[in-house]
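Thank you for making time this morning; I would like to take you through one model, going from its interior outwards to a pocket and a few backbone details. Please have the sequence and the coordinates open as I speak.

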Amino acid sequence: MEGHDITEKGPMKVIINVYLADLPCVDTAAFTFKPKMQLTLDWVDDGALVDENIIILDEDGGTSSASTANYYNGGFSLRPDLADKPSESMFNPELVLVNSIANATPSIDKSVAVSLLRGRPVVYEYCEFFPELRSPLDLVQFPFDTSALECRFTSNQWSTIDLQFVWAKEMQDFNKTVSPAARGGPGLSEFEIIGVETAVEDV
């Protein structure tokens, strides 16, 4: 992680926000479900980005503009000295779905933007998933029971020593987390989404 001292600052904190756009399929025989999710991740830049308007002094005493390394939008670019290996220089959480059995990759390409927050560049990554997930269902008292459908996220590159996922505050607001089209209920679906819970596990 360029510019991020884990010893001094601790693990990189990445805020994750999930919006459930639709839940078109729940298979009670296979114990699987297919949510359509919109994910937004954001984190404070680790030192790899610079304002495009800043003039940088190179090793020979000359100057170069950061805009020559035009890698990210939002008025920021990858530092010129890191431009040769952008994928290795720029931090990425590498989020994956642990309990996915199909379509675990984003259904649309990731989009990345950068903006200033209290003088520091913050990186925003947005993508959509339409995976097939496996989760146990308690159907003993169907249709009067409740079951939790789990979506488990982790990083396939970083450990908890390097990275810490933090749930966005919006996840506490049901109306900001689940689309009305996905909630179901009488006349709409045999299932109804009644709430969202979040938890963090140390691995």
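**Core, rings, pocket and backbone**

I will begin with a residue in a loop: E94 counts as partly exposed, because its relative accessibility is 26%, and this glutamate is found in the loop between α2, residues 86-89, and β7, residues 95-97. Please keep in mind throughout that this is a predicted model. The backbone of E94 deserves a look, since its phi is near 55°, a positive value in a residue other than glycine. As background, most residues other than glycine have a negative phi. F31 also has a positive phi, near 60°, and is likewise a residue other than glycine. F31 sits in the loop between β1 and β2, and with a relative accessible area of 33% it is partly exposed.

Let me turn to the interior. The largest nonpolar core has 36 residues, and those with the most contacts inside it are V14, M37, L39, W43 and F153. The elements that give two or more residues to this core are β1, β2, β6 (76-78), β7, β10 and β13 (163-167), and β1 gives the most, with 7 residues. If we take V14 and leave aside its neighbours within four places in sequence, we find V14 in contact with L41, D42, W43, F91, P93, L163, Q164, F165 and V166.

Two of the residues in that contact list, W43 and F91, bring me to the aromatic rings. How many aromatic pairs does a search of the whole structure find? The search finds 3. One of them is formed by F91 and W158, a tilted pair at 5.5 Å centre to centre with 40° between the planes. This pair links distant parts of the chain, with F91 in the loop between α2 and β7 and W158 in the loop between β12 (153-155) and β13, 67 residues apart. F91 counts as buried, because its relative accessibility is 4% and the cut-off for buried is under 20%. Another pair is that of F153 and W167, which is edge-to-face, at 6.3 Å centre to centre and with 70° between the planes. Here F153 lies in strand β12 and W167 in strand β13, so the pair ties together parts that are 14 residues apart in sequence. The two partners fall in separate accessibility classes: F153 is buried, with a relative accessible area of 18%, whereas W167, at 24% relative accessibility, counts as partly exposed. I would add that W43, F91 and W158 form one aromatic cluster.

W43 returns in my last topic, the second largest pocket, where about 400 Å³ of space lies. Of the 20 residues that line this pocket, the closest to its centre are K13, I15, W43, V44 and V122. Which strands each supply at least two residues of the lining? They are β1 (12-27), β2 (32-44) and β10 (120-129), and β1 gives the most to the lining, with 4 residues. By character, the lining residues of the second largest pocket divide into 10 nonpolar, 3 polar and 7 charged.

To draw these parts together, β1 gives the most both to the largest nonpolar core and to the lining of the second largest pocket. W43, for its part, is among the residues with the most contacts inside that core, belongs to the aromatic cluster with F91 and W158, and is one of the lining residues closest to the pocket centre.

Methods: Residues are numbered from 1 along each chain as its sequence is written. This is a predicted model: local features need pLDDT of at least 70, side-chain atom pairs count only at pLDDT 80 or more; totals for chains, interfaces and linings use all residues. Side-chain values use heavy atoms; hydrogens and water are left out. On a 1 Å grid over the protein atoms alone, a cavity is a set of points where a 1.4 Å probe fits but cannot get out, and a pocket is an open set with protein on both sides within 12 Å along at least five of seven lines; lining residues have an atom within 4 Å of a point. Grid points are joined across faces, edges and corners, and a volume is the space filled by probe spheres set on the points. Ala, Val, Leu, Ile, Met, Phe, Trp, Tyr, Cys and Pro count as nonpolar, Asp, Glu, Lys and Arg as charged, and the others, Gly among them, as polar. Buried means under 20% relative accessible area, exposed over 50%, partly exposed in between (1.4 Å probe, protein chains only). A nonpolar core is a set of buried Ala, Val, Leu, Ile, Met, Phe, Trp, Tyr and Cys residues joined through side-chain atoms within 4.5 Å. Contact means heavy atoms within 4.5 Å. Rings of Phe, Tyr and Trp (its six-membered ring) pair if their centres lie within 6.5 Å; planes under 30 degrees apart count as stacked, over 60 as edge-to-face and the rest as tilted.
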